Amino acid sequence: MINYPTIDPVAISLGPLQVHWYGLMYVVGFVAAWWLGCRRASRIGLNNDDIGDLLFYCAVGVVAGGRLGYALFYGLGQWTADPLWIFRVWDGGMSFHGGLLGVLLAAWIFARRKQLAFITLTDFIAPLVPIGLGAGRIGNFINHELPGRLTSLPWGMPFPGMGPEPRHPSALYEALLEGVVLFAILWWASAKPTSRGFLSGLFLVGYGVFRFMVEFVRMPDAHIGFIAFGWVTMGMLLTLPMIALGLVIITWSRSQPVDVKIQNA
């Protein structure tokens, strides 16, 4: 058994001002996406300023969508009882699936402004996302969030506030799979020209499969529990449509040409 590392969730404290590691992880994700995006901006006819604008749109989408998604998927009762609760972002959390929908909406608006095909833009964005996902999961780990289920594996660790029994470090599993592994897959796949839609579909399938796997060792949300058969979690339920849609998009992409702009980059 490994001891859970003692890390203060507050990275910087200046009087009443506190900067949390979780917030810094968002900064890491967006900075990494901006840097990687600038390296490939010319592929779809954008420049560095355009990438900055795109990241601003996506930042608004991920925060607004993530909070709204959490309220709808995980805290609908609390939101109904207290409508202003949704604005207290420190009370509750963010939903990846809601954030994804917010980013897609932001990307659609940006694509219309720049007269880009929406699927071309999502193919461009897909490889930029996993670093932020991985960083966010590390932020969850530092914040003592996403506890795992009990385990006898040697890397199990007691979760703060949940007794001395060793548990899966599920947040670290997600950081590895959704962050490092998914980034490696998408960056490698995007190194050469691909048919339109393939990278978008690959992202949906890759994230969906990894998240579904980790849900087997991650504790379900305490106020929801298992929603079916004594093992199906809300995370699994929300992930299945992603996998199905991703497979549909990958199948559809086989009939699509290689994106001309990317091919000529």
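The overall architecture of the chain is described below, followed by helices α7 and α8 and the surroundings of Arg137.

The structure is a predicted model. Its chain contains 10 helices and four strands, arranged from the N terminus in the order β-β-α-α-α-α-α-α-β-β-α-α-α-α. The radius of gyration is 19 Å, close to the 18 Å given by the globule rule for 265 residues, so the chain is as compact as a globular protein of that length. Taken along the principal axes, the C-alpha atoms fill a box of roughly 60 × 45 × 40 Å. Of the 265 residues, 48% are buried. Among contacts with a separation of 6 or more, 69% are made by residues 24 or more positions apart. The accessible surface amounts to about 13,500 Å², and carbon and sulfur atoms account for 70% of this area.

Helix α7 comprises the 20 residues 170-189. At 1.5 Å a residue, a helix of 20 residues should span 28 Å, and the end C-alpha atoms of α7 lie 27 Å apart, which agrees with that expectation. The helix nevertheless contains a kink of about 30°, centred on Leu182. Leu182 is itself one of the buried residues of α7, a set that also includes Ser170, Ala171, Glu174, Ala175, Leu177, Glu178, Gly179, Leu186, Trp187 and Ala189. In an α-helix there are 3.6 residues a turn, so residues three or four places apart point the same way. The cover over the buried residues of α7 includes α1 (21-40), α6 (130-142) and α8 (198-215).

Helix α8, one of the elements covering α7, has 18 residues and reaches 26 Å from its first C-alpha to its last, close to the 26 Å expected at 1.5 Å a residue. This helix is mostly covered, with 15 of its 18 residues buried.

Arg137 is found in helix α6, another of the elements that cover α7. The UniProt record, an unreviewed entry, assigns the annotation "binding site" to this residue. Arg137 has a relative accessible area of 12% and is therefore classed as buried, the cut-off being under 20%. Leaving aside neighbours within four places in sequence, Arg137 is in contact with Leu146, Ala171, Glu174, Ala175, Glu178, Tyr207, Arg211 and Arg218. Among these partners, Ala171, Glu174, Ala175 and Glu178 are also listed with the buried residues of α7.

Conventions: Residues are numbered from 1 along each chain as its sequence is written. This is a predicted model: local features need pLDDT of at least 70, side-chain atom pairs count only at pLDDT 80 or more; totals for chains, interfaces and linings use all residues. Side-chain values use heavy atoms; hydrogens and water are left out. Helices (H or I, at least four residues) and strands (E, at least two) are DSSP runs, numbered from the N terminus. The expected span of a helix is 1.5 Å times one less than its number of residues. The bend at a residue is the angle between axes fitted to the seven residues ending there and the seven starting there. Buried means under 20% relative accessible area, exposed over 50%, partly exposed in between (1.4 Å probe, protein chains only). Contact means heavy atoms within 4.5 Å. The radius of gyration is taken over C-alpha atoms; the globule rule is 2.2 Å times the number of residues to the power 0.38. Accessible areas come from the Shrake-Rupley method with a 1.4 Å probe; for residues, only the protein chains shown count as cover. UniProt positions are given in the numbering used here, feature names are shortened, and annotations may be inferred rather than shown by experiment.
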